[in-house]
Amino acid sequence: MGEDDDSHPSEMRLYKNIPQMSFDDTDREPDQTFSLNRDLTGELEYATKISRFSSVYHLSIHISKNFGADTTKVLYIGLRGEWTEFRRHEVTICNYEASANPADHKVHQVTPQTHFIS
């Protein structure tokens with residue numbers, strides 16, 4: 001939502017999962033770009049691409065353009081979605097055997113049987 005003048009934002013770029021993002025990082029390709037319409041009441045909604053925004057833990061919003069003013073004024077940004085608790089997955093330490101160690105595998109004593117054919 002913005003003012004009813006040229007300082008209203010006209011383009012918004014979304015970047016997901018880039019913690020500590022700076023303005024230097026806005027040169028990269030955004031995950032999604034929106035061309036915004038003038039919205040004085042905050043009723044317009046813009047749908048994100050579900051496949052790209054299904055697992056977001058950090059969202060950066062870059063307002064890249066306005067309708068011609070020197071500065072951009074943003075009055076309100078509303079977000080909609082489901083919040084889930086962030087679970088940090090620690091590194092799992094796994095040991096794999098390159099070859100089996102016979103001492104680790106107890107085998108019952110097998111008595112060999114021989115058959116003679118005459």
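This report walks through a predicted model of one protein chain, from its overall layout to its charged pairs.

## The chain as a whole

Let's begin with the layout. The chain has zero helices and three strands, and along the sequence these follow the pattern β-β-β.

How much of the chain is buried? Of its 118 residues, 19% count as buried. The accessible surface comes to about 10700 Å², and carbon and sulfur atoms contribute 49% of that area. Contacts also tell us about the fold: among those with a separation of 6 or more, 65% join residues that are 24 or more positions apart.

## The nonpolar core

Which residues make up the largest nonpolar core? There are five of them: Met12, Leu14, Phe34, Leu36 and Phe53. This fits a broader pattern: in soluble globular proteins, nonpolar side chains tend to be buried together.

Phe34 is a good residue to click on in the viewer. Leaving out residues up to four places away in sequence, Phe34 touches Ser10, Glu11, Met12, Leu14, Tyr46, Ala47 and Thr48. Two of these partners, Met12 and Leu14, are also listed with Phe34 in the core.

## A nonpolar patch on the surface

Nonpolar side chains appear on the outside too. Val56, Leu59, Ile61, Val74, Ile77 and Leu79 together make a surface patch of about 470 Å².

Take Ile77 as an example from this patch. Ile77 sits in the segment after S3. Its relative accessible area is 43%, so Ile77 counts as partly exposed.

## Asn66, a buried polar residue

Now look at strand S3, which covers residues 59-66 and includes Asn66. Is Asn66 buried or exposed? Asn66 is buried, because its relative accessible area is 17%, below the 20% cut-off.

What lies 3.1 Å from a polar atom of the Asn66 side chain? The answer is the backbone oxygen of Ala69. Beyond its neighbours within four places in sequence, Asn66 is in contact with Asp6, Ser7, His8, Pro9, Ser10, Thr71 and Thr72.

## Three salt bridges

Side chains of opposite charge can pair when their charged atoms come close. How many salt bridges does the whole structure hold? A search finds three.

One of them joins Glu3 and Lys73, with 3.8 Å between the closest N and O atoms. Glu3 lies in the segment before strand S1 (9-16) and Lys73 in the segment after S3, so this pair ties together parts that are 70 residues apart in sequence. Both partners are partly exposed: Glu3 has a relative accessible area of 28%, and Lys73 has 41%.

Another salt bridge brings together the side chains of Asp6 and Arg38, at 3.3 Å from N to O. Asp6 comes from the segment before S1, while Arg38 belongs to the loop between strand S2 (32-35) and S3, so parts 32 residues apart in sequence are tied together. Asp6 is partly exposed at 38% relative accessible area, and Arg38 is also partly exposed, at 38%. You have already met Asp6, as one of the contacts of Asn66.

The remaining pair is Glu45 and Arg80, whose closest N and O atoms are 3.1 Å apart. Glu45 is in the loop between S2 and S3 and Arg80 in the segment after S3, so the pair links distant parts of the chain, 35 residues apart. Here both partners are exposed, with relative accessible areas of 59% for Glu45 and 75% for Arg80.

Terms used: Residues numbered from 1 in each chain as written. Predicted model: local features only at pLDDT ≥ 70, side-chain atom pairs only at ≥ 80, totals over all residues. Heavy atoms only, no water. Helix = DSSP H or I, 4+ residues; strand = E, 2+ residues; numbered from the N terminus. Buried < 20%, exposed > 50% of the residue type's maximum accessible area, 1.4 Å probe, protein only. Contact = heavy atoms within 4.5 Å. Areas by Shrake-Rupley, 256 points an atom, 1.4 Å probe, with all protein chains shown as cover. Polar contact = N/O pair within 3.5 Å; in protein donor to acceptor, adjacent residues only side chain to side chain. Core = buried A, V, L, I, M, F, W, Y, C linked by side-chain atoms within 4.5 Å. Patch = residues over 30% accessible without salt bridge, like charges linked within 9 Å, V, L, I, M, F, W, Y side chains within 5 Å. Salt bridge = Lys/Arg side-chain N within 4 Å of Asp/Glu carboxyl O.
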